[in-house]
Amino acid sequence: MAGLAVGVDIGGTNLRVCIGDERGKIKTKLSEKLDVGSKNSVVEQITRLIKSLGGDFSAIGIGSIGLLDLKKGELSNPVHIPFKSIPIVRQLKDEFDVPAYLVNDCDAGVIGEKFFGLGKNEENLAYVTISTGIGCGVILNGRLLLGKDGNATEVGHITVDLERKLKCGCGGYGHWESYCSGRNIPNFVRLIAKSNARLSSITTEQFFDKAKSKDKVAMEIVDKIGEINAIGLSNINAAYDVSLITIGGSVALKNKNLILDPIRKYLPKYSVNRIPKIELTPLGDDVVLYGAMALAFNHELAFD
Ligand SMILES: [Zn+2]
């Protein structure tokens, strides 16, 4: 498909749109705080931003926070958005008279990696975000894994602790995300360093700053976070047998070595399958946006 396509990244806080070409060259990119003021405000905001991008385009790709109902092309009980369903695909198709394709944000991430990042020569790869939450997208044998509603590979909710010590945002206990995500690392720090006043009321950012300054207790906790991340990644590899896992999300992007080094150290301990390459995504904060745009050009990867 020649010409231009639009990519849309609906995050928990921000909405980003871009227009660009098949080779991943972004012409224009816009970003605003996501407006969740009314049921229609999200689609109205996307429509306004797309119109102000300018240029003719042939398709729209969307990577969104979940949950999704892909058969209906809807956001369904999305986190951070106080409305039950948002029929985004139909509304954007009607507005712009071009095809629109919706996947979850981490699925868009792995598509971005496949077409514009480190996955160009890979048929089996995963993208994992370690951000406010933890999520994953998987391409297996060249196809995007979607699941019955489009919510496959919600790996943040894999149980990693049988004792269920920490509560997850989903309401469950002992989930990967409840130990290692940006929102929950302070809880894990408190759990380990109860008696340590310096660490008991710390933010995730302050915690990693302490680790960067070689604080001994903080470094020990970084190691434990890395071990749990390695358990999560080894579960992904046991399930999907990928050759590459790229990692993004603000926690990983801001603390590359503190996240990646312990993962690489502990992966052999928990892996049965051949260990995949583990790399930080080179697409940074734009990985979902790139992926949404790539989806518009390569929708047969997910839908045909
Ligand atoms: Zn959970």
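I will walk you through three parts of this structure, which is a predicted model: a small set of strands, a pair of helices and one glycine.

Let me begin with the strands, where E5, E6 and E7 form an open sheet in that order, with antiparallel pairing. Strand E5, residues 68–69, and strand E7, residues 85–86, stand at the edges, and because each has a single partner strand, one side of each is left without a neighbour in the sheet. If we look at the pairing of E5 with strand E6, which covers residues 74–76, we find 2 bridges in the antiparallel sense, and the bridge partner of Leu68 in E6 is Leu75.

Turning now to the helices, the axes of H5, residues 185–192, and H7, residues 204–212, come within 8 Å and cross at roughly 60°, which makes H5 oblique to H7. The crossing of these two helices, H5 and H7, is left-handed. On the H5 side the contact involves Ile185, Pro186 and Val189, and these meet Thr204, Phe207 and Phe208 of H7; sorted by class, the contact of H5 with H7 has 5 nonpolar residues, 1 polar residue and no charged ones.

Finally, I would like to turn to Gly109, which has its place in helix H3, residues 105–116. Is Gly109 buried or exposed? Its relative accessibility is 0%, and Gly109 therefore counts as buried. Leaving aside residues up to four places away in sequence, Gly109 touches Tyr127, Val287 and Val288. As for Tyr127, that residue is 18 residues from Gly109 along the chain, and the C-alpha atoms of the two are separated by 6.2 Å.

Note on methods: Residues are numbered from 1 along each chain as its sequence is written. This is a predicted model: local features need pLDDT of at least 70, side-chain atom pairs count only at pLDDT 80 or more; totals for chains, interfaces and linings use all residues. Side-chain values use heavy atoms; hydrogens and water are left out. Two strands pair if DSSP finds at least two bridges between them. Helices (H or I, at least four residues) and strands (E, at least two) are DSSP runs, numbered from the N terminus. Axes are lines fitted to C-alpha atoms, for helices over the stretch in contact, and angles run from 0 to 180 degrees between N-to-C directions. Angles under 35 degrees count as roughly parallel, over 145 as roughly antiparallel, 65 to 115 as roughly perpendicular and the rest as oblique. A crossing is left-handed if the near helix is turned anticlockwise from the far one by less than a right angle, and right-handed if clockwise. Contact means heavy atoms within 4.5 Å. Ala, Val, Leu, Ile, Met, Phe, Trp, Tyr, Cys and Pro count as nonpolar, Asp, Glu, Lys and Arg as charged, and the others, Gly among them, as polar. Buried means under 20% relative accessible area, exposed over 50%, partly exposed in between (1.4 Å probe, protein chains only).
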